[in-house]
Amino acid sequence: MSKNSRVVKFRKKRTLNIGIVIFLILFIYIAINTYIYFTKEHISIYEVQEGFNVVDSRITGLVLREEQLVSTDKAGYVYYFQKEGARVAKNASVYSIDESTQIMDIITSNDDIIALSDSSNVQLQYLIKKFHNIYSDQKFSYIYDFKADIESAMYDILNQTMIEKGRQIQEDTGFTYSYEVFRSETSGVISYYMDNYETVTKDTISKDLFDTQSYKRVYLRTSNLISMNTPVYKIVTSENWSIILPLNAEQYEKLSGKEKIEFTILKDNFTTKAPVKIFQSPLDGSYYAEIIMDKHMANYLEDRFLEIDLHLEAVKGLKIPLSAVTTKDFYMVPLNYFTSGGDSAQKGLIKEEYDKDTGEVNLVFVPADIYYQDDIYGYVDTNLFSPNTWVQSTDGNRYQLSVTNKLTGVYNVNMGYAVFKRIEILYQNESYCIVDKNTSYGLSLYDHIALDSSTVVEQKIIY
């Protein structure tokens with residue numbers, strides 16, 4: 001036999017690879033936790049912050065002034081001497097009318113370029129900057145207002161140029177053109193738009209006048225031929241003006257008895273204080289507030305509606321999303337059944353506990369917080385006692401825990417599990433509420449609460 005035939009081959013002993021085992025354990029652990037994470041219902045957390053709200057303070061007001069529309073008794077082309085917002089005295093020149101287009105034809109046939117004066121240039125820059133500051137994608141009407149402002153400024157420039165060039169042509173050529181100058185019959189501030197609100201008074205106020213969607217204004221300045229009895233300008237004859245505010249029941253209650261009110265005009269964030277009067281419309285019976293102003297009329301000459309923020313009583317507290325608010329049942333227990341137990345000063349109830357072995361009834365003190373109390377009852381958490389449990393007072397009277405009532409609150413999750421905390425709502429709108437920060441068994445600043453109370457089970461661990 002050969003030497004090779006005597007060699008016996010042994011199988012290699014397999015050993016357990018500890019690295020693979022650890023890897024498999026970690027893989028299974030991660031897989032299980034991943035499955036739990038994606039299948040469990042997640043609870044969003046909200047951190048309680050301080051908040052305040054002014055109760056229904058923002059109102060769109062209607063501006064009333066002493067206004068007079070002035071119509072022309074002559075047909076022709078109108079050239080204005082006064083700018084929008086100019087103050088004029090009685091008998092001041094306001095506009096002229098040219099019955100023909102002779103002077104217009106001479107001026108327009110000239111190739112001279114109309115140069116802007118420094119004041120005109122500043123005025124146009126101001127209008128562009130003003131539009132840039134107030135523009136909003138939500139209010140497309142700003143574009144139309146800007147267009148009207150620019151047109152008004154250009155008419156100012158054109159009219160002044162027409163008058164100056166007309167005089168120059170008359171001096172150079174001796175040509176006279178037929179125009180008649182019209183003067184103001186009273187002093188006041190000039191305006192060049194109408195909106196059919198010029199005759200509105202407190203006695204004719206009604207809800208439909210506040211419909212800003214159907215509101216229309218007509219600009220009076222035009223380069224077209226106008227007929228007789230056409231309105232050509234408007235004059236505001238007094239610095240006294242008013243802002244009429246429609247009131248709901250809450251606003252009426254807050255303003256009743258006030259003689260003055262502080263408010264902010266949101267257009268330019270101007271804050272002031274003025275007398276206020278409450279009145280009832282004879283047309284629709286609704287209540288309105290009249291803010292009486294004797295200054296700043298010219299600043300809002302172009303405005304028929306102003307958004308006002310009334311500085312009413314502010315509500316301050318803790319701001320809570322409405323989605324976090326819930327209710328919970330509590331036992332109503334007469335206050336004389338609460339006592340202190342043993343060496344502790346903590347309040348609680350003496351519960352009757354039946355011993356099945358001896359058949360006797362034992363009295364057991366159970367600490368119980370009073371979440372809320374009125375003159376008769378204290379409210380106790382229903383999780384502490386089974387329904388229909390009997391409790392005793394210190395004088396031996398018995399009371400069965402069966403009557404419940406609801407308290408409003410949220411779920412606090414500071415400790416990793418849900419605990420009910422009572423809240424007292426001071427103010428509420430469609431998305432959040434302001435709650436009292438001094439409520440017993442309530443919330444504190446920076447507490448963490450469940451954002452959606454419907455996803456929470458009380459006392460359940462959430463982390």
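The exercises below work through a predicted model of one protein chain.

**Exercise 1. Describe the chain as a whole: its elements, burial, contacts and surface.**

Solution.
- Step 1: start with the elements. The chain has five helices and 31 strands.
- Step 2: turn to burial. Of the 463 residues in the chain, 38% are buried.
- Step 3: check the range of the contacts. Take those with a separation of 6 or more; residues 24 or more positions apart account for 74% of them.
- Step 4: look at the surface. The chain exposes about 28300 Å², and 51% of this comes from carbon and sulfur atoms.

**Exercise 2. Place S242 in its strand and decide whether S242 is buried or exposed.**

Solution.
- Step 1: find the element. S242 belongs to strand β13, which spans residues 241-246.
- Step 2: apply the cut-off. Buried means under 20% relative accessible area. S242 has 7% relative accessibility, so S242 counts as buried.
- Step 3: list the neighbours. Leaving out residues up to four places away in sequence, S242 touches L62, V63, L64, E290 and I291.
- Step 4: find the bridge partner. In β16, S242 is paired with I292.
- Step 5: widen the view to the strand. Six of the six residues of β13 are buried, so the rest of the structure largely encloses β13.
- Step 6: sort the side chains. W241, I243 and L245 point one way from β13, while S242, I244 and P246 point the other way. Both sets are buried.

**Exercise 3. Trace the closed barrel that contains β13 and give its strand order.**

Solution.
- Step 1: take one neighbour of β13. Strand β3 (residues 58-64) runs antiparallel to β13, and three bridges join the two. V63 has I243 as its bridge partner in β13.
- Step 2: take another. Strand β16 (residues 287-293) pairs with β13 over six bridges, in the antiparallel sense.
- Step 3: follow β3 to β17. Five bridges join β3 to strand β17 (residues 305-310), again antiparallel. Here R58 has D309 as its bridge partner.
- Step 4: close the ring. The order is β3-β13-β16-β15-β14-β17, a closed barrel of six strands with antiparallel pairing. From one strand to the next, the twist averages 45 degrees.

**Exercise 4. Identify the residues with the most contacts to other members in the largest nonpolar core, and the elements that supply this core.**

Solution.
- Step 1: pick out the residues. The largest nonpolar core has 24 residues, and L245, F263, I291 and L310 touch the most other members.
- Step 2: map the core to elements. β3, β13, β14 (260-265), β15 (270-280), β16 and β17 each give two or more residues.
- Step 3: inspect L245. Beyond its neighbours within four places in sequence, L245 contacts I59, T60, G61, Y287, Y288, A289, I291, I308 and L310.
- Step 4: look for another core. A second, separate core has 14 residues, including Y80, V88, I190 and Y233.

**Exercise 5. Find the edge strands of the open sheet that contains β12.**

Solution.
- Step 1: write the order. Four strands run β4-β12-β9-β6 with antiparallel pairing, and the sheet is open.
- Step 2: read off the ends. β4 (67-71) and β6 (87-88) each have a single partner strand, so one side of each lacks a neighbour in the sheet.
- Step 3: detail one pairing. Five bridges link β4 and β12 in the antiparallel sense. S71 has P231 as its bridge partner in β12.

**Exercise 6. Classify the aromatic pairs Y197–Y215 and F279–Y288.**

Solution.
- Step 1: set the scale. The count is 18 aromatic pairs.
- Step 2: classify Y197 and Y215. Their ring centres are 5.5 Å apart and their planes meet at 70 degrees; planes over 60 degrees apart count as edge-to-face, so this pair is edge-to-face.
- Step 3: locate this pair. Y197 and Y215 both lie in the loop between β10 (193-194) and β11, so the pair ties together parts 18 residues apart in sequence. Both residues are buried.
- Step 4: classify F279 and Y288. The centres lie 5.7 Å apart and the planes stand at 20 degrees, so the pair is stacked.
- Step 5: check burial. F279 is buried at 12% relative accessible area, and Y288 is buried at 0%.
- Step 6: add the cluster. Y80, Y95, F182, Y192 and Y233 form one aromatic cluster.

**Exercise 7. Locate N229 and Y446, two non-glycine residues with positive phi.**

Solution.
- Step 1: take N229. Phi is near 65 degrees. N229 sits in the loop between β11 (218-219) and β12 (231-236). N229 counts as exposed, at 59% relative accessibility.
- Step 2: take Y446. Phi is about 75 degrees. Y446 sits in the loop between β30 (432-435) and β31 (448-450).

Terms used:
Residues numbered from 1 in each chain as written. Predicted model: local features only at pLDDT ≥ 70, side-chain atom pairs only at ≥ 80, totals over all residues. Heavy atoms only, no water. Buried < 20%, exposed > 50% of the residue type's maximum accessible area, 1.4 Å probe, protein only. Contact = heavy atoms within 4.5 Å. Pairing = 2+ DSSP bridges. Axes fitted to C-alpha atoms, helices over the stretch in contact; angles between N-to-C directions. Areas by Shrake-Rupley, 256 points an atom, 1.4 Å probe, with all protein chains shown as cover. Core = buried A, V, L, I, M, F, W, Y, C linked by side-chain atoms within 4.5 Å. Phe/Tyr/Trp six-rings, centres within 6.5 Å; stacked < 30°, edge-to-face > 60°.
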